[in-house]
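Please look over the sequence and the model shown here before reading on. The report below moves from the whole chain to one pair of strands.

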Amino acid sequence: MNFDYEPGRYFKTDDNGNLLAEVTFQEFADGAAYAINHTFVRDDQRGQGIASHLVAAVVAKAKAEDKKILPLCSYARAQFDKGPDYQAIEFKN
């Protein structure tokens, strides 16, 4: 699944520019990690796995940049709790 990107955000809009889904994240720990702080999927788009693809996009970016992730939002936290692949990249204090 392809998303648009701007610093701190992956997102998808419909043909009219209305937001369908997004994940937001920010750098912290002197640039060594990203904190995922928000995941959103519009009601009529839910149940298609879009949110998991959004989180995966941030994970792929973090891996490519050799960074860790702190999953702050509840959806990202649930994704990290489910999979050992994500736990390996999780930021731990």
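How much area does the chain expose, and what share of it do carbon and sulfur atoms supply? The chain exposes about 5400 Å², of which carbon and sulfur atoms supply 46%, with accessible areas taken from the Shrake-Rupley method with a 1.4 Å probe.

## Basis of the model

This is a predicted model, in which local features need pLDDT of at least 70 and side-chain atom pairs count only at pLDDT 80 or more, while totals for chains, interfaces and linings use all residues. Residues are numbered from 1 along each chain as its sequence is written, and side-chain values use heavy atoms, with hydrogens and water left out.

## Overall fold

The chain holds three helices and five strands, which follow one another along the sequence as β-β-β-β-α-β-α-α; helices (H or I, at least four residues) and strands (E, at least two) are DSSP runs numbered from the N terminus.

Of the 93 residues, 40% count as buried, that is, under 20% relative accessible area with a 1.4 Å probe and protein chains only.

## Strands 4 and 5

Strand 4 (residues 33-41) runs parallel to strand 5 and is joined to it by four bridges, where pairing requires that DSSP find at least two bridges between two strands. Within this pair, Ala 35 stands opposite Leu 70 of strand 5.

Along strand 5 (residues 68-71) the side chains alternate, so that Ile 69 and Pro 71 point to one face and are buried, whereas Lys 68 and Leu 70 point to the other and are not.

Note on methods. Buried means under 20% relative accessible area, exposed over 50%, partly exposed in between (1.4 Å probe, protein chains only).
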